[in-house]
Amino acid sequence: MTSQQNSTSKIDYGLVLSLMLMFIVSCISIYSAQQTGQYSGNFLLKQVMWYGVGVGIISIVIQFDSDQLKKLSWYFYGVGLFLLLLLIVAPESIAPRINGAKSWFQLPGVGSLQPSEIVKVFLILALSRVVVDHHQKNLIKTLKSDFWLLIKLGIVTFIPLLLVMKQPDLGTSLVFIAILLGIIFVSGITWKLLIPIFGGFSMIAAAVLSLVIWYPDILEKYLHVHKYQLSRIYSWLDPYNNQSGTGYQLTRSLLAIGSGETGGKGFGHSDVYLPENHTDFIFSIVGEEFGFVGGSVLVSLFFMLIYHITKAGLETKNDFYSYICSGVIAMITFHVFQNIGMTIGLLPITGIPLPFISYGGSSIMGNMFAIGLIFSIRYHYKKYMFSSEA
């Protein structure tokens with residue numbers, strides 16, 4: 001096999017196709033969103049620029065093999081914690097409080113950057129490193145060793161989770177938990193531990209939801225939950241009785257998607273006014289202009305993307321890479337289900353973007369970093385397969 005053929009085989013073209021299709025859908029949707037007259041900026045041009053930055057990130061990340069990524073994982077994790085800490089102590093001239101949350105750095109000439117979007121990927125690397133190191137040191141599995149692994153994974157996740165909750169950012173906090181659960185499920189921890197633990201968490205979640213509905217004062221006083229966060233739950237449960245307040249966004253989204261019916265109104269024919277429809281509610285544009293068919297095609301693209309990530313994780317013989325794939329799958333899957341779910345009223349509004357589709361530089365960079373890791377798996381796996389022929 002020639003070196004040119006070797007080089008070509010290192011690229012996952014199915015993954016490339018998925019990203020290209022996502023890019024096209026994103027550009028079409030953002031172009032339509034900015035025609036509604038509520039914005040003056042050219043978000044389409046900025047999104048193209050951020051995708052260009054994302055391609056640059058992929059081209060850098062793909063150069064790092066498993067050993068290098070493993071060595072850098074704790075450095076990435078440390079940088080992520082530093083950025084989250086810096087965000088908390090930074091003055092509001094640099095880190096303004098937007099909608100009650102201090103989650104962004106405002107950088108001159110660049111715009112707003114949300115560190116937690118990158119920290120998600122840093123967390124995936126750190127958790128994957130923890131599992132690999134643990135299994136190397138504990139060749140014989142016991143209930144005690146599995147419990148200790150669970151504790152270590154929990155501590156590594158809890159530290160950035162606490163810092164993000166301090167902002168406060170409930171949506172990103174839930175993504176951190178989804179990443180943790182995704183890696184736990186493939187870490188080899190016995191179900192004798194997982195079933196009672198997750199059963200206990202489910203009971204706690206049910207108790208918290210009960211407090212939200214009947215005793216919100218307890219959450220505000222003892223857990224420091226803000227009223228605007230609780231209002232999102234109330235607007236989800238009964239949006240039409242909160243149309244003048246927190247339910248406005250959801251009712252407009254339901255009207256937009258419902259008016260699209262099966263085939264949609266057509267490209268550029270968005271009639272329903274919906275604030276922030278170029279970011280968290282971009283799916284409402286897809287539903288209104290392209291209907292159920294367009295929404296189904298977009299969901300299929302995400303299935304296609306997850307399929308290629310799953311395939312990379314199953315084909316690699318490297319456990320560290322496999323755990324990374326599990327974390328990335330958990331992150332993207334949760335984002336998709338939560339974002340689409342909140343736009344159609346199935347889930348509460350948490351303010352997290354639709355991966356690769358919503359406008360946002362931080363989101364694009366974080367997701368492209370994650371996909372860069374997947375490209376690296378295929379790139380270096382093929383390199384090792386054909387190394388004897390080089």
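This passage walks through a few helix ends, charged pairs, cysteines and aromatic rings in a predicted model.

Helix 2 is a good place to start. It runs over residues 13-33, and with 21 residues at 1.5 Å a residue it should span 30 Å. The C-alpha atoms at its two ends sit 30 Å apart, so expectation and model agree. A fair number of its side chains are tucked away: Gly14, Leu15, Ser18, Leu19, Met22, Ser26, Cys27, Ser29, Ile30, Ser32 and Ala33 are buried. At the N-terminal end, the helix is capped by Asp12, which places a side-chain oxygen 3.1 Å from the backbone nitrogen of Gly14.

Another aspartate worth a look is Asp65, in the loop between helix 3 (43-61) and helix 4 (66-89). Its relative accessibility is 17%, and since the cut-off for buried is under 20%, Asp65 counts as buried. The side chain of Asp65 has a polar atom 3.2 Å from the backbone nitrogen of Asp67. The backbone nitrogen of Gln68 also has a polar atom of the Asp65 side chain at 2.9 Å.

On to the charged pairs. Side chains of opposite charge can pair when their charged atoms come close. Across the whole structure, six salt bridges turn up. One of them joins Glu92 to Arg97, with 3.8 Å between the closest N and O atoms. Both ends of this pair are partly exposed: Glu92 has a relative accessible area of 48%, and Arg97 comes in at 43%.

Lys265 has two partners to its name. With Asp271 it makes a salt bridge at 3.6 Å, N to O, and with Glu288 it makes another, the closest N and O atoms being 2.9 Å apart. Lys265 belongs to the loop between helix 11 (248-260) and helix 12 (282-315), while Glu288 is in helix 12, so this pair ties together parts that are 23 residues apart in sequence. Through these shared partners, Lys265, Asp271 and Glu288 are joined into one network. The three residues cover the range of accessibility classes: Asp271 is exposed at 60%, Lys265 is partly exposed at 28%, and Glu288 is buried, with a relative accessible area of 1%.

As for cysteines, the search of the whole structure comes back with zero disulfides. Cys27, already met in helix 2, is buried at 13% relative accessibility. Cys325 is buried too, with a relative accessible area of 1%.

Last come the aromatic rings, which form nine pairs in the structure. Trp74 and Tyr77 meet edge-to-face, 5.6 Å centre to centre and with 85 degrees between the planes. Both sit in helix 4, three residues apart, or about one turn of the helix. Trp74 is partly exposed at 35% relative accessibility, whereas Tyr77 is buried at 10%. Phe185 and Trp191, by contrast, are stacked, with centres 5.8 Å apart and planes at 20 degrees. Here both partners are partly exposed, Phe185 at 44% and Trp191 at 49%. Finally, ring pairs link Phe76, Phe122 and Phe369 into a cluster.

Methods:
Residues are numbered from 1 along each chain as its sequence is written. This is a predicted model: local features need pLDDT of at least 70, side-chain atom pairs count only at pLDDT 80 or more; totals for chains, interfaces and linings use all residues. Side-chain values use heavy atoms; hydrogens and water are left out. Helices (H or I, at least four residues) and strands (E, at least two) are DSSP runs, numbered from the N terminus. The expected span of a helix is 1.5 Å times one less than its number of residues. Buried means under 20% relative accessible area, exposed over 50%, partly exposed in between (1.4 Å probe, protein chains only). A polar contact is a pair of N or O atoms within 3.5 Å; within protein, one must be able to donate a hydrogen and the other to accept it, and residues adjacent in sequence count only if both atoms are side-chain atoms. A salt bridge is a side-chain nitrogen of Lys or Arg within 4 Å of a carboxyl oxygen of Asp or Glu. A disulfide is a pair of cysteine sulfur atoms within 2.5 Å. Rings of Phe, Tyr and Trp (its six-membered ring) pair if their centres lie within 6.5 Å; planes under 30 degrees apart count as stacked, over 60 as edge-to-face and the rest as tilted.
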